[in-house]
Amino acid sequence: MANRSRTRTTRIVATGVGLLFLAGAAACGSSDETPAPVASSKVAAPLGAEAGTRAQTGSDGGSSPRPPAGPGGQLTPAPGSPPVCTEAGLRLAAGASAGNASADRQGFVVVLTNISDKPCSMIGYPSVVATDSNGRQERPAARSEGGNLFRVGPPETVVLQPQGAASFGVEWTAVRSGDESACLPYAKFVIVPPHQARGQEVERQTTICDAFQVHPVVAATAGARPR
């Protein structure tokens with residue numbers, strides 16, 4: 001986090017010769033303080049991936065700066081990455097469930113597979129909205145770097161080789177507690193992968209009470225980075 005530099009302002013109210021005298025005194029008495037250096041924000045080093053996918057960081061194998069945002073706030077893949085994955089080149093499918101039917105916290109994994117014949121890349125958060133069976137009662141998921149069910153961290157560039165897969169986790173609280181909002185039933189999730197404009201539906205009957213979250217895309221199919 002950057003330190004705020006401090007400046008000293010001298011206000012002079014005078015006339016005639018007195019104004020010139022005070023202005024000279026103020027110039028001689030200006031602050032000699034030097035702003036503190038700005039610390040760059042870092043993300044975690046890559047933690048591995050399954051065959052066909054990889055998390056991309058700095059060329060030295062260590063941590064890399066948080067990726068820049070592109071148009072519309074969309075994150076931009078790391079320099080040298082393949083082109084972003086296209087809608088026509090991706091297959092979206094619901095993966096394994098997380099939690100269980102009796103747990104307070106429930107969720108599932110969404111798997112994105114590169115079905116094109118060329119490598120592609122992606123980074124960032126999908127858009128996820130839960131709806132009822134008629135496509136109404138919309139409830140958007142909040143972006144989160146990690147939750148109770150999925151260990152993720154800041155977004156990193158993920159490169160998918162042909163037939164390689166990436167994934168992300170979606171989770172929520174399924175039991176009312178404290179000041180949580182009303183628990184409502186949902187039948188579908190409308191999902192828009194990073195860098196895409198159109199959503200795809202995943203049918204899943206559930207009840208969401210609160211803390212509805214979506215996490216960044218990661219390499220592999222577990223929805224989380226290996227520990």
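**Warm-up.** Which residue in β11 is the bridge partner of proline 185?

*Solution.* That's threonine 207. The strand label comes from DSSP: strands are E runs of at least two residues, helices are H or I runs of at least four, and both are numbered from the N terminus.

Before going on, some ground rules. This is a predicted model, where local features need pLDDT of at least 70, side-chain atom pairs count only at pLDDT 80 or more, and totals for chains, interfaces and linings use all residues. Residues are numbered from 1 along each chain as its sequence is written, and side-chain values use heavy atoms, with hydrogens and water left out.

**Exercise 1.** Place β10 and β11 in their sheet.

*Solution.*
- Start with the pair: β10 and β11 run antiparallel to each other, over seven bridges. Two strands count as paired if DSSP finds at least two bridges between them.
- Now widen the view: the open sheet has four strands, ordered β6-β5-β10-β11, with antiparallel pairing.
- Finish at the edges: β6 (139–140) and β11 each pair on one side only.
- As a reminder, strands of a sheet pair through backbone hydrogen bonds, either parallel or antiparallel.

**Exercise 2.** Find the disulfides and work out their connectivity.

*Solution.*
- Look for cysteine sulfur atoms within 2.5 Å of each other, which is what counts as a disulfide here. The structure has two.
- One joins cysteine 85 to cysteine 120, with an S to S distance of 2.1 Å.
- Cysteine 183 and cysteine 209 make another, their sulfurs 1.9 Å apart.
- Count the bonded cysteines along the chain and you get the pattern 1-2, 3-4.

**Exercise 3.** Describe the link between cysteine 85 and cysteine 120.

*Solution.*
- Check the torsion about the S-S bond: it's about 85 degrees, so this disulfide is right-handed.
- Then locate the ends. Cysteine 85 sits in the loop between β1 (53–56) and β2 (90–98), and cysteine 120 in strand β4 (residues 120–122), so the bond ties together parts 35 residues apart in sequence.
- Last, accessibility, where buried means under 20% relative accessible area, exposed over 50%, and partly exposed in between (1.4 Å probe, protein chains only). Cysteine 85 is buried at 2%, and cysteine 120 is buried at 6%.

**Exercise 4.** Now do the pair cysteine 183 and cysteine 209.

*Solution.*
- The S-S torsion is about 110 degrees, so this disulfide is right-handed.
- Cysteine 183 lies in the loop between β9 (165–173) and β10 (184–192), while cysteine 209 lies in the loop between β11 (200–208) and β12 (210–214), so parts 26 residues apart in sequence get tied together.
- Cysteine 183 is partly exposed at 24%, whereas cysteine 209 is buried at 0%.
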